[in-house]
Amino acid sequence: MAWFRRERSPLPAHEQESRVPEGLYVKCDSCKEILYRKAVLDNLSVCPKCAFHFRISARLRLELLCDGAWEELDRGLVSADPLAFSDTKAYSDRLRDGKRKTGSLDALVSAVGTLGGIPTVIAAMEYGFIGGSMGVVVGEKVARAVERSASERMPLLVVSCSGGARMMEGTLSLMQMAKISAALARLDAARIPFISLLTDPTTGGVTASFAMLGDVNIAEPGALIGFAGPRVIEQTIRQKLPEGFQRSEFLLQHGMLDMVVDRRELKKTIVRCLHTLLD
Amino acid sequence: MPEDYEAPLLELEKKIDELASQPAAPAVEAEISRLRGELSEKRRQVFASLTPWQKTQVARHPGRPYTLDYVNALFTEFTELHGDRRFAEDPALVCGFAFYKERPVAVLGHQKGRDTKQKIYRNFGMPKPEGYRKALRVMKLAEKFSRPVITFVDTPGAYPGLDAEERGQAEAIAYNLREMAALRVPIIVNVTGEGGSGGALAIAVGDRVNMLEHAVYSVISPEGCASILWRDAGRAPEAADAMKITASDLAALGLVDEIVPEPAGGAQTDPEALFRTLDAVIDAQLRELTAVPPESLPGARHDKFRRMGRLGTEFLETT
């Protein structure tokens, strides 16, 4: 028996980056300030010194936005690993790891809750689950959320946080973009408000489908938002990208977003938007 | 550069050429004819059992017909329209109106170039946002004037460049997906070569989706997938296999409606034969789709894509 045992397996690199790390004190990824962890959490996981927004889980997101309890939708949907995919690791193992890490069966939590008293369908993506990638389960859950929003005439809020379509489900993942967009076409015709909230990061097929289709598109500050990832673009044009490229503020300047809103002002702002759009 | 699957065929062709250069004699003639038979049998065999990675190479073959070749072969009076009315003209995606067997239609598709100059002019068939916005403008015109839309898909992907990002590549694609889903005219999609991810899908939300036998359609290129998952672009053949990107795989998953057979050796060996086959497919589908009331099309198209990712097959519902 080993004398020393690691209590938890270390988080993968992309996870370590932005989630508020464990421990009494944490170091801000942006200003490098050493912060009392509780002070960060009490500040909605925003750095009290420089306002850097730490990445948060889907469930914490719902907690921050909803007035109280919410009713989770389609909690039991799980991928059947339709391609029996395996790379350096079997996809079925990745799904199992994702579940262990996040407590969810896939990369999105959808719910009905109230925001400032307004009954709303809310879906939030979970980056900790295979990079928030979209396969058939995410596609199905978003499509069902859209349909619920239409049938009960409740506004829809989708919080994106994703690297894009999920390679391990191949072209099925790609088709979720069309499936969700077709559902959104109906919501559009039914004149139900859809607010898209883009958080760090929102790229690939998620940006190129529902994340950019909000009646109102809102982003958190400093979020990476784009179609192609920065590395791919650098390889294509063979030059370094300018500072701030593909960040929320850049997209606002280029007309792709309605507003960039600090997490601490987010709920108030979304509620105000809903008031201006609802009967 | 010859691809690996071509090696045995090239060897036979070389033998035939060598014999043909010899002085004519009955024995030589007989041998040549025997080898020709062997070559065509071999070609049939090779092309009937291409791996997904080999199909990717066939799909990218520079001799394959491109959109304007289909337009010339299957349509008359093609009238190209240009520009998105917002920013620019994009030669990587060609759009216009034409006649298909005396019936007025809108036709559009990705356009690649054959020589270096044309490749650069067409940006290797990778549209920028203005290309997608032009395509939607023409599709909306088609709706306004009740013209069915026929599209040809053949792109490595939407252009991943700085300017494309600045002008909202993601928004342009997303908007096309939503608006195509609601278009009140028939849409027939033909994936003829590379179906490169969102850049392909942005003109591929159709009532019928056809795919050429050796075309591929994927969420990311095999090289891209391999470099992310295996951290080695050289493992693209494995990625091509794992992602299930061929016409037969996609038809089995219910993502593609009809596989269009190619002549042995691929579309480039006998484009005329391919045009005839594809022509019959499009003609039949157009008859079906123009027979239904146009207002019922968006509903049926929605339902078709809504079924992609089926309960019990691709995902399960647990308690």
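The exercises below work through the contacts between two chains, their salt bridges and some helix packing in a predicted model.

Residues are numbered from 1 along each chain as its sequence is written, while chains are lettered from A and ligands numbered from 1 in the order in which they are written. In this predicted model local features need pLDDT of at least 70 and side-chain atom pairs count only at pLDDT 80 or more, whereas totals for chains, interfaces and linings use all residues, and side-chain values use heavy atoms, with hydrogens and water left out.

**Exercise 1. Describe the interface between chain A and chain B by its residues, its buried area and its salt bridges.**

Step 1. Taking contact as heavy atoms within 4.5 Å, one finds 59 residues of chain A in contact with 51 residues of chain B.

Step 2. Buried area is the accessible area (1.4 Å probe) that two parts lose on being put together, summed over both; between chain A and chain B this comes to about 4,700 Å², with 71% given by carbon and sulfur atoms. On the side of chain A, the residues that lose the most area to chain B are A:Met167, A:Met175 and A:Phe227, together 15% of what that side buries.

Step 3. A salt bridge is a side-chain nitrogen of Lys or Arg within 4 Å of a carboxyl oxygen of Asp or Glu, and five are counted between chain A and chain B. One pairs A:Arg186 with B:Asp303, whose closest N and O atoms are 3.9 Å apart.

**Exercise 2. Place the salt bridge of A:Glu140 with B:Arg306 in its surroundings.**

Step 1. The closest N and O atoms of A:Glu140 and B:Arg306 are 3.0 Å apart. Helices (H or I, at least four residues) and strands (E, at least two) are DSSP runs, numbered from the N terminus; A:Glu140 lies in helix H5 (residues 136–151) of chain A and B:Arg306 in helix H14 (residues 297–306) of chain B, so the pair joins two chains.

Step 2. Buried means under 20% relative accessible area, exposed over 50%, and partly exposed in between (1.4 Å probe, protein chains only). A:Glu140 counts as buried at 5% relative accessibility, and B:Arg306 is buried with a relative accessible area of 15%.

Step 3. Both residues belong to a network of salt bridges that also links A:Asp74, A:Arg144, A:Glu147, A:Lys179 and B:Glu317.

Step 4. H14(B) is mostly covered, seven of its ten residues being buried, and among these are B:Leu297, B:Phe305 and B:Arg306. The buried residues of H14(B) pack against H5 and helix H6 (170–189) of chain A, and, within chain B, against helix H8 (169–181), strand S5 (187–196), strand S6 (208–212) and helix H13 (271–291).

**Exercise 3. Contrast the settings of two further salt bridges, A:Arg263 with A:Glu220 and B:Arg44 with B:Glu41.**

Step 1. A:Arg263 and A:Glu220 have their closest N and O atoms 2.8 Å apart. This pair links distant parts of the chain, 43 residues apart, with A:Arg263 in helix H10 (residues 263–277) of chain A and A:Glu220 in the loop between strand S9 (216–219) and helix H8 (230–237) of chain A. Both A:Arg263 and A:Glu220 are buried.

Step 2. In the pair of B:Arg44 and B:Glu41, the closest N and O atoms are 3.1 Å apart. Being three residues apart in helix H2 (residues 26–48) of chain B, these two are separated by about one helical turn. B:Arg44 is partly exposed at 47% relative accessible area, and B:Glu41 is partly exposed at 35%.

**Exercise 4. Analyse how H3(B) packs with H11(B).**

Step 1. Axes are lines fitted to C-alpha atoms, for helices over the stretch in contact, and angles run from 0 to 180 degrees between N-to-C directions. On this basis the axes of helix H3 (residues 52–59) and helix H11 (residues 236–243), both of chain B, come within 7 Å and cross at roughly 100 degrees.

Step 2. Angles under 35 degrees count as roughly parallel, over 145 as roughly antiparallel, 65 to 115 as roughly perpendicular and the rest as oblique; H3(B) and H11(B) are therefore roughly perpendicular to each other.

Step 3. From H3(B), B:Pro52, B:Trp53 and B:Thr56 meet B:Ala236, B:Pro237, B:Ala240 and B:Asp241 of H11(B).
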